[in-house]
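Biologist: I'd like a close look at a single part of this one, with enough of the surroundings to place it. Here is what I have open.

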Amino acid sequence: MITTSGLTKVYRSRGREVTALDGVDLHVREGEVYGVIGRSGAGKSSLIRCVNLLERPTAGTVTVAGQDLTALAGHGPRAGRELRRARSRIGMVFQHFNLLSTRTVQDNVELPLEILGTSGGERSRKALELLDLVGLSDKAKAYPAQLSGGQKQRVGIARALAGDPKVLLCDEATSALDPETTRSILQLLRDLNRQLGLTVLLITHEMDVVKSICDSAALMENGRIVESGTVSELLATPGSELAAALFPVGGDVSGDDRTVIDVTFHGDAAARPVISQLSRTYNIDISILGAAMDTVGGRQVGRMRIELPGGYEENVVPVGFLREQGLQIDVVERADHESVLVKDGAK
Ligand SMILES: Nc1ncnc2c1ncn2[C@@H]1O[C@H](COP(=O)(O)OP(=O)(O)OP(=O)(O)O)[C@@H](O)[C@H]1O
Ligand SMILES: [Mg+2]
């Protein structure tokens, strides 16, 4: 549904160059919720602004719903007619809502329809329908200043849906909201994704956002995508930084000369008594350093950090045994007991 290839954005100001995007290949499938996560300055906003051509990429292409947007003329406010039309099919939700304070809620939602030249009666019918969809039918005549942050974002979402988009882009849509309101907005995005078959590309620096609603995710660093895939693929990728951050399991090593491994259970493996089998088969004492069960991408996943006596060379056979049981095994390096992302709070 959204494909970028070799997407590059270099900002030039006062003789300085900043490469915000450095050859990004992104592929978002139709009907999925796709999360891009990364620290401040990684290039997330640049990516989303290039996807709908608010910014003209320096190089590379952007295809949305089969149409190559980079081939259309203009960008930002100077977009040509074809680009404007294509863009009306891409909804955009902002962190700070960007509502017009002098217009009522309903008039804010009608704004994109005015620009599209929709007639008055039709505009008002559509706006009221959208306000109902986001749970705000009683606020049509209110002004933005009379709404809570969560309600303002619902108006922002209703406005983004006015042009019947196939794609919704969200730049930190919940970053200005408290945790409970964040959950309700994420739930709304999930419901819209399911009910309307809307493809959602969202940008966030919060791992919980990815965990609660994303089908797929990508990690951005310095203008590049360094990891990407469906949440299950990521969880099944040994050493994946995103998987470790999505599903952290702590626990400190008890001493020297130990092997620490993270065991991830999903599917049938979760039900088998593999740890006691391992202990009996090899006659070794196993310490459990940490464990967690959680739902990630709508699937139950378990992860356990265990410690075996002896260095890795002595444990090659037991580790092989666990792998044969269909479990995913990540041997935790000494210096790496906490993933970088987790340590930094994914900021
Ligand atoms: N209009 C601009 N002119 C010059 N440099 C810019 C411009 N916009 C962004 N940058 C630079 O590009 C890089 C990426 O910025 P971007 O806003 O895409 O990051 P981000 O991942 O969205 O960060 P944050 O999480 O803080 O929102 C940064 O180094 C930033 O300073
Ligand atoms: Mg940003």
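Which residues surround ligand 1, and which of them are the closest?

Modeller: Keep in mind that this is a predicted model. Ligand 1 has 13 residues around it, and the closest are Tyr-11, Ala-20, Ser-40, Ser-45 and Ser-46. Three elements each supply at least two residues of that shell: strand 1 (2–13), strand 2 (16–28) and helix 1 (44–51). Helix 1 gives the largest share, with 3 residues. As for chemistry, the shell has 8 polar residues, 4 nonpolar ones and 1 charged.

Let's stay with those two strands for a moment. The loop between strand 1 and strand 2 holds Arg-14, and its backbone is worth a look: phi of Arg-14 is near 45°, a positive value in a residue other than glycine. Most residues other than glycine have a negative phi. Arg-14 counts as exposed because it has 4 C-beta neighbours inside 10 Å, and the cut-off for exposed is 12 or fewer.

You'll meet a positive phi again further along the chain, at Asn-98, where the value is near 50° and the residue is again something other than glycine. Asn-98 sits in the loop between strand 6 (90–93) and helix 3 (105–116). Here the count is 13 C-beta neighbours inside 10 Å, so Asn-98 comes out as partly exposed.

Another loop to check is the one between strand 5 (67–68) and helix 2 (81–88), where you'll find His-75. His-75 is buried because 20 other C-beta atoms lie within 10 Å, and 20 or more is what it takes to be called buried. What does His-75 touch, leaving aside its neighbours within four places in sequence? The contacts are Leu-53, Leu-54, Glu-55 and Arg-56. Asn-52 is 23 residues away from His-75 along the chain, and their C-alpha atoms are separated by 8.9 Å.

Now zoom out. The protein chain has 12 helices and 14 strands, and its C-alpha atoms fill a box of roughly 80 × 50 × 35 Å along the principal axes. Of its 347 residues, 38% are buried. Among contacts with a separation of 6 or more, 69% join residues 24 or more positions apart.

The domain assignment splits the chain into domain 1 (2–235) and domain 2 (248–343), with 39 Å between their centres, taken over C-alpha atoms. Where they touch, 6 residues of domain 1 and 6 residues of domain 2 take part. On the domain 1 side, helix 8 (residues 231–235) brings the largest share, 3 residues; by class, that side divides into 3 nonpolar, 1 polar and 2 charged.

If you prefer the record's view, an unreviewed UniProt entry places the feature "domain: ABC transporter" at residues 2–247. In the model, residues 2–247 are 37% helix and 27% strand, and the end C-alpha atoms of that stretch are 27 Å apart.

Last, how far does the confidence go? The pLDDT averages 88 over the protein chain, and 94% of the residues score at least 70. Over residues 335–347, though, the pLDDT is below 50, and this stretch has 22 contacts in the model beyond near neighbours in sequence.

Technical notes:
Residues are numbered from 1 along each chain as its sequence is written. Chains are lettered from A and ligands numbered from 1 in the order in which they are written. This is a predicted model: local features need pLDDT of at least 70, side-chain atom pairs count only at pLDDT 80 or more; totals for chains, interfaces and linings use all residues. A residue is near a molecule or strand if its C-beta atom, placed from the backbone, lies within 6 Å of it. Helices (H or I, at least four residues) and strands (E, at least two) are DSSP runs, numbered from the N terminus. Ala, Val, Leu, Ile, Met, Phe, Trp, Tyr, Cys and Pro count as nonpolar, Asp, Glu, Lys and Arg as charged, and the others, Gly among them, as polar. pLDDT is the predictor's confidence in each residue, from 0 to 100. Two residues are in contact if their C-beta atoms, placed from the backbone, lie within 7 Å. Domain bounds come from an automatic or database domain assignment. UniProt positions are given in the numbering used here, feature names are shortened, and annotations may be inferred rather than shown by experiment.
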